[in-house]
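Open the model in your viewer and keep the sequence panel beside it. The stops below follow one another, each beginning with something to select.

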Amino acid sequence: MDFGQKDFSDQQIKKANNLFSSSCDFVISVAKLEQLPLTDMPEVAFAGRSNVGKSSLINAVCNKKGLAKTSSTPGRTQQLNYFNLNEQIHIVDLPGYGYAQAPEHLVKQWQKVIFAYLQGRVNLKRVMLLIDSRHGIKKVDKEVMEMLDKAAVTYQVVLTKSDKIGKDALAKVKTETEAEISKHAAAYTRVLTTSSEKKQGIEILRAEIASLI
């Protein structure tokens, strides 16, 4: 499987790796919009269905174990968690959508905050929309994609857990994903393929994020 390195030069890959070798620290957990940091620093948000492997991917990309808290319980991330990467960009871990181990009124409250954030955050450069390679794009993912299209928020699909399926199956889901995103105005055309466990595609994802600074 091509993880996209040909799309970036060796120098770009090295620069991105150096950036993500810098300090990356937790800043704040945001439950209400008024708690959002007052800053012009660019932001990249990670979004996806609960249990898609979002926290593990953030930890792998930022090269720091335990930065984003992982859990076997879907829906553990209940707020927008901000991480400061070397005073150059904020990485934002959004609550997983589609499932949550919480009362319905809390779920709706989180969703309201997330959607308001996505639609109104001027310095949000891109949303990395995570899709589990084993399952592909689901109905709830399409709903989020349509919302992002409407809000004119640029997003890029990142396939996760690519080591959990065979090469042919992975190629098939990537082709299907590319066909789907071609229907969406705000979707970035390049689909990334990653594995947090095997560290596959991590350097390319870093280079994509670094290019936004």
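**Strands 3 and 4**

Select residues 80-85, which make up strand 3; this strand runs antiparallel to strand 4 and is joined to it by 5 bridges. The model is a predicted one. Within the pair, find phenylalanine 83, which stands opposite isoleucine 91 of strand 4. Then look at the turn: strand 3 and strand 4 form a hairpin with 3 residues between them. One residue in that turn, asparagine 86, has a positive phi of about 55°.

**The other neighbour of the hairpin**

Add residues 43-48, strand 2, to the selection. Strand 2 pairs with strand 4 (residues 89-93) in the parallel sense, over 4 bridges. Two bridge partners can be picked out here: glutamate 43 is matched with histidine 90 of strand 4, and alanine 45 with valine 92 of strand 4.

**Strand 4 on its own**

Now keep strand 4 alone and colour it by accessibility. How many residues of strand 4 are buried? The count is 5 of 5, so strand 4 is largely enclosed by the rest of the structure. Turn the view to check each face: Ile89, Ile91 and Asp93 lie on one side, His90 and Val92 on the other, and all are buried.

**The whole sheet**

Show every strand. The sheet is open, has 7 strands in the order 1-3-4-2-5-6-7, and its pairing is mixed. At its edges are strand 1 (24-30) and strand 7 (192-193), each pairing on one side only. Next select residues 202-210, helix 6, which packs on the sheet. Helix 6 touches strand 2, strand 4, strand 5 (124-132), strand 6 (155-160) and strand 7. To see the relative orientation, compare helix 6 with strand 5: their directions make an angle of about 155°.

**Glutamate 180**

For the last stop, select residues 167-181, helix 5, and centre on glutamate 180 within this helix. Is glutamate 180 buried or exposed? Its relative accessibility is 11%, and because the cut-off for buried is under 20%, glutamate 180 counts as buried. Display side chains around it: a polar contact of 2.8 Å joins the side chain of glutamate 180 to that of histidine 184. Leaving aside residues up to four places away in sequence, glutamate 180 touches Ile137, Lys142 and Met145.

Key
Residues numbered from 1 in each chain as written. Predicted model: local features only at pLDDT ≥ 70, side-chain atom pairs only at ≥ 80, totals over all residues. Heavy atoms only, no water. Buried < 20%, exposed > 50% of the residue type's maximum accessible area, 1.4 Å probe, protein only. Polar contact = N/O pair within 3.5 Å; in protein donor to acceptor, adjacent residues only side chain to side chain. Contact = heavy atoms within 4.5 Å. Pairing = 2+ DSSP bridges. Axes fitted to C-alpha atoms, helices over the stretch in contact; angles between N-to-C directions.
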